[in-house]
Each structure stands twice: as C-alpha cells, then as structure tokens.
Amino acid sequence: IRNKAKATIQDQNIDFAQPEDLYPKSFPHFVRGRDSAREYITSLFTSQIAIYDGAMGTMIQNYSKRNKLEEEEYRGERFKDWTCNVKGNNDMLSISQPHVISGIYKQYLEEGGSNMIGTNTFSSTTIAMGDYEMEDYAYELNYEGARLAREACDEVTAKDPTKPRFVVGAIGPTNRTGSISPSVEDPAARNVDFDELVETYFEQIVGLMDGGSDILMVETIFDTLNAKAALYAVGEYLEFSGLDVPVFVSGTLVDQSGRTLSGQTGEAFYASIRHSKPMCVGLNCALGASHMTPFVERLSKVVECFMHVYSNAGLPNAMGGYDETPVDMANHNQVFFENGWLNMVGGCCGSTPPHIKAIREMSANYKPRKLPDVGRPKMWLSGLEDLVVDDVHNHLGLPFLNIGERCNISGSLKFKKLMMKGDYGTAMDIAKKQVEDGAHVIDINVDDGMLDGLAAMQKFVKIAVTEPEVSKVPFMLDASKFDIVVAGMKWCQGKSIINSISLKVGEELFKEHA
C-alpha cells in the first residue's frame with residue numbers, strides 16, 4: 001500500500017513520535033511514542049467528559065459561503081485536468097486546499113476546545129472514491145487528512161501541554177451496504193462483499209495510522225456488517241503492526257424506531273461488535289440529542305466500555321439546514337450529563353465550534369460515566385434484536401434455548417427438497433414459521449453431497465437477513481466444512497453461533513478455526 005502511494009506523496013513521513021523529554025512524565029501531559037494513548041484516554045474519560053469535535057461538512061459549507069469554493073477550487077492545481085466533476089468531494093480538499101481543512105481543525109481545537117478531532121476522511125475509501133474516479137488516491141487522502149490533523153493537534157498542544165489533543169482516524173461506512181440488496185427483484189443481490197470491504201478499509205487504516213492518528217473510529221454505522229468488516233480490518237492491522245491503538249465504534253439509529261438502516265436495535269448493534277473490544281461505543285448522526293435520549297439511555301445500560309454521543313444540531317429543516325443554536329444543542333445534551341451516561345461528547349451534522357464550546361461548558365459541570373463493574377461472562381447473540389442466552393427460560397422457568405432445526409437438510413425432508421429445487425422463497429417461510437412458533441435461534445444447514453453448500457449457504461443467509469421476521473433472531477450456521485460456515489458468517493451482521501469446529505482436522509487447524 002505504501003509503495004503504491006510513493007508515486008504521489010513526496011517526502012512521506014510515517015513516524016510522528018516525539019522526544020521523550022518534551023513534556024513531564026505525568027498526567028495530564030502526554031508524549032507520543034513514550035506514553036500509552038490507551039492509558040491516557042482511560043484517565044481522561046474517568047476524570048472528565050472529554051470533548052470531540054463537530055461537523056466537517058457543515059464547516060466546509062460555511063467556508064464556501066464566505067469564500068469561493070467551486071469546481072475549480074476543489075480541483076486545485078493538482079487535479080485541474082480531472083476527467084469528472086469533483087465538487088462535493090470534501091475529502092480531497094485535504095490535498096487540493098489543505099489550508100481550508102487545517103483551519104477547520106484548528107477552529108475546533110481552539111474555539112471549541114476539543115480534546116480530540118476526527119480526520120477529514122469520512123469517504124476516503126476506494127469504494128466511496130469510485131464516484132469521483134479517485135480510487136487510486138485513497139491512501140493519500142487518509143494520510144493527508146490525518147497528517148493535517150496531527151500538525152494542528154501538535155501545534156495547539158504546544159501552547160498548553162496540560163491539555164494534549166488527539167487525532168481520531170475517521171472511518172466512514174462507504175456508500176455500499178453488505179446487508180441490503182440494491183435490487184427489489186433479487187433479495188440475494190449485493191453490490192459489495194465482506195472481503196472487498198475489508199480490503200478497502202485496510203488501505204484506509206494504513207493511511208490514517210501513517211498520517212499520525214492516535215485512535216481509530218468506525219463511525220456512522222448504518223449497516224453493522226460494514227462495521228464488522230472495518231473492525232476485522234482494524235484487527236488485521238493491529239496484528240500485523242503489533243501496535244495498541246484504541247478503537248471507538250459509533251452507530252447511527254436512523255429514526256425514532258431506534259434501529260440502524262439495516263434494522264438492528266442499538267443493543268443488537270453493540271452485541272454484534274463487542275467481540276472487537278472497542279474502548280468506546282456510542283451513537284452519532286441522523287438525530288438530534290433530544291431524539292436520541294431514549295436510545296442513549298438503553299445503550300448505557302448494556303455497554304461494557306466507555307460511551308460517547310455526537311448528535312446532529314437537531315433535525316434538518318425544509319432547506320436541509322440545522323436550526324439548533326449552540327445554547328439549544330448544549331441544553332439538549334444536558335440530560336446525558338445529568339444521568340452520567342457519557343465519557344465523550346461532540347457534534348455531528350449542523351454543529352460548529354460555537355456548538356462544541358457550549359457543549360463543553362455545559363459538560364464541565366458533570367462527572368463522566370462510571371465504567372460498569374465486571375460481570376460474569378455471558379453468551380450474547382444478535383439478529384436484528386439482541387439475545388442474552390442466560391435470560392431465556394422455558395415454561396417451567398428453567399434456562400432453555402429453543403433452536404429451530406427445520407432449516408436443516410438433515411432435519412427436514414421438506415426443506416431439503418426446496419433447497420434442491422432452489423425454492424428459497426418457500427424455504428424462507430419455514431424459517432418464519434419457526435420464529436413464530438418460538439424459536440430463539442434459527443439453525444441453517446445445507447450439507448448435502450448433491451448440493452453446492454458454499455453457494456447455497458451464502459444465498460440463503462443473504463435472503464434471510466433481508467426478512468425481518470426471520471433475521472430478528474440470531475442464526476446458527478451449521479456445516480461440516482468450515483469454509484461454508486465462514487462464507488455464511490460474512491453475510492451476517494448479527495452475532496451468530498457457529499456449529500461447529502472439530503479436532504478431526506488436527507490440532508493446528510482446529511486452533512486456527514477457533
């Protein structure tokens with residue numbers, strides 16, 4: 001990835017370590033390369049409500065009202081002969097108009113008082129950049145977006161070393177979704193797969209970290225499957241690099257139903273991603289703080305790590321703008337502080353440095369959320385809704401998990417015949433009936449010598465996740481071949497059960513599967 005980028009980046013620096021004696025060796029001072037970002041953020045989050053930044057897009061729009069920012073400015077000198085229109089590609093301004101992005105970063109740091117700022121990289125993936133034919137610039141967009149933030153943070157920190165500022169590498173959702181079909185006629189159709197998402201996110205992560213990010217944030221999650229791919233890519237990066245990088249995860253509940261665009265509740269979303277061991281989890285975008293309140297409260301009761309919120313400045317008006325003043329937005333966030341639900345707060349669409357300043361001043365009067373006590377381990381599954389296995393009981397009040405086995409070729413001759421005919425619609429009715437009859441989990445098994453199990457598992461799962469009556473419960477992916485299980489997992493946004501792995505394959509392969 002770095003070698004490919006050398007053609008476009010001159011004098012690239014990927015080492016942003018600071019001299020060990022730059023600042024004192026005690027909190028609240030921080031020296032990159034000497035001190036642990038995880039330890040510092042833990043101290044910060046347990047001593048005060050930390051402040052994130054506000055909207056980048058809003059600030060770019062505001063800049064364009066006062067200054068010329070048209071197609072010519074978006075292109076700059078470097079892209080003056082680009083083959084398609086690029087106005088609206090805000091991420092490329094990190095390359096073509098870096099002073100604009102640096103200025104916005106500094107406004108949030110100095111006027112807003114942000115402890116952390118997100119990079120201008122929301123759409124800096126090869127997938128999203130396809131709209132502008134700029135796929136080859138994904139690494140550079142992330143590198144430059146992070147580098148500008150790094151320089152702004154270091155400059156502001158130098159003025160007051162008792163308040164270190166951190167760069168949060170922003171990883172957006174892309175403009176494609178792994179869980180939702182783009183075709184009304186074909187529920188199994190997809191315009192992206194898990195492996196493609198992992199590849200594009202991995203390149204983004206390398207660029208963000210090379211540019212000087214301290215933290216990685218997978219944000220504005222409307223489809224948890226995309227987020228799982230991003231978190232898998234983060235895990236791959238951490239394993240390859242040996243670094244300890246704090247990871248934040250931020251979901252987006254799109255309306256008052258309290259669900260993501262792909263249908264999950266907030267609790268199901270958290271259950272689906274908790275295996276990645278995020279340091280901080282929360283919600284952002286889509287809603288104003290007042291509309292988020294019930295969902296933040298529910299999430300705060302189950303999240304086992306730190307929590308954040310960065311809401312919009314209310315709901316958009318008829319013109320697509322946001323009407324909440326800084327005082328309004330701070331007042332609507334107050335309920336989060338009064339109840340001790342948050343460790344970090346910021347703003348999303350419509351928010352500006354004055355909004356962040358007002359929120360910061362409001363939050364200063366309250367204590368941060370206390371980390372919950374460590375509880376006993378629990379099996380926590382999810383489909384569109386979450387399921388704690390210990391909470392499920394039978395009519396006698398005894399622990400009992402009811403697994404529907406009728407979507408199993410070995411357990412149902414009717415299901416087998418339907419799968420052999422390729423009648424997935426009627427097969428889906430079997431799954432629906434099992435959920436109606438009380439199944440807590442749906443087992444899916446397509447093992448048969450006369451059937452392409454790999455293709456059948458993927459198609460069945462892809463259709464099943466689009467059926468709310470089926471996918472509201474977790475799945476058990478059941479196959480004798482591990483590659484079939486993995487293929488099914490790559491289409492599940494929820495937390496599933498794997499059935500199963502075996503020592504028959506040998507100890508080494510067994511460990512790899514585990």
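## A network of salt bridges

R32, R150, D154 and D214 are joined to one another in a network of salt bridges, one feature of a structure that is a predicted model. Within this network, D154 pairs with R32 in a salt bridge whose closest N and O atoms are 3.1 Å apart. This pair ties together distant parts of the chain, since D154 belongs to helix α7 whereas R32 sits in the loop between α1 (2-5) and α2 (37-47), with 122 residues separating the two. The partners differ in their accessibility class: R32, with a relative accessible area of 12%, is buried because that value is under 20%, while D154, at 24% relative accessibility, counts as partly exposed.

## Other salt bridges

The structure holds 26 salt bridges, and two further examples show other combinations of burial and exposure. In one of them, K68 and E73 form a salt bridge with their closest N and O atoms 2.9 Å apart; K68 is exposed, having a relative accessible area of 52%, but E73 counts as buried at 15% relative accessibility. In the other, D437 forms a salt bridge with K433, and here the closest N and O atoms are 2.7 Å apart. D437 is exposed, with a relative accessible area of 54%, whereas K433, at 45% relative accessibility, is counted as partly exposed.

## The nonpolar cores

The largest nonpolar core contains 129 residues, and among these M419 and F460 touch the most other members. The greatest contribution to this core comes from helix α7 (residues 138-159), which supplies nine residues. Apart from this core lies another one, made up of 21 residues that include L44, Y52, M116 and Y310.

The surroundings of M419 can be described in some detail. When its neighbours within four places in sequence are left aside, M419 is in contact with I409, Y424, A427, V446, L451, A456 and F460, so that F460, named with M419 as touching the most other members of the core, is also one of the contacts of M419 itself.

## The setting of S272

S272 is placed in helix α10 (residues 266-273) and is buried, its relative accessible area being 0%. The side chain of S272 is joined to the side chain of S382 by a polar contact of 2.8 Å. Leaving aside neighbours within four places in sequence, the residues in contact with S272 are T224, K228, Q264, S382, Q493, G494 and K495.

## Backbone features

Two cis peptide bonds can be described. One joins F27 and P28, with omega at about 15 degrees, and P28 has its place in the loop between α1 and α2, the loop that also holds R32. The other runs from N499 to S500, with omega near 5 degrees, and S500 lies in the loop between β14 (497-499) and α19 (507-513).

Positive phi values occur at E133 and T220, neither of which is a glycine. For E133 phi is about 60 degrees; this residue is found in the loop between β2 (116-118) and α7, and at 44% relative accessibility E133 counts as partly exposed. For T220 phi is near 50 degrees; T220, by contrast, is found in strand β4 (residues 215-221) and is buried, with a relative accessible area of 10%.

Terms used:
Residues numbered from 1 in each chain as written. Predicted model: local features only at pLDDT ≥ 70, side-chain atom pairs only at ≥ 80, totals over all residues. Heavy atoms only, no water. Helix = DSSP H or I, 4+ residues; strand = E, 2+ residues; numbered from the N terminus. Buried < 20%, exposed > 50% of the residue type's maximum accessible area, 1.4 Å probe, protein only. Polar contact = N/O pair within 3.5 Å; in protein donor to acceptor, adjacent residues only side chain to side chain. Contact = heavy atoms within 4.5 Å. Core = buried A, V, L, I, M, F, W, Y, C linked by side-chain atoms within 4.5 Å. Salt bridge = Lys/Arg side-chain N within 4 Å of Asp/Glu carboxyl O.
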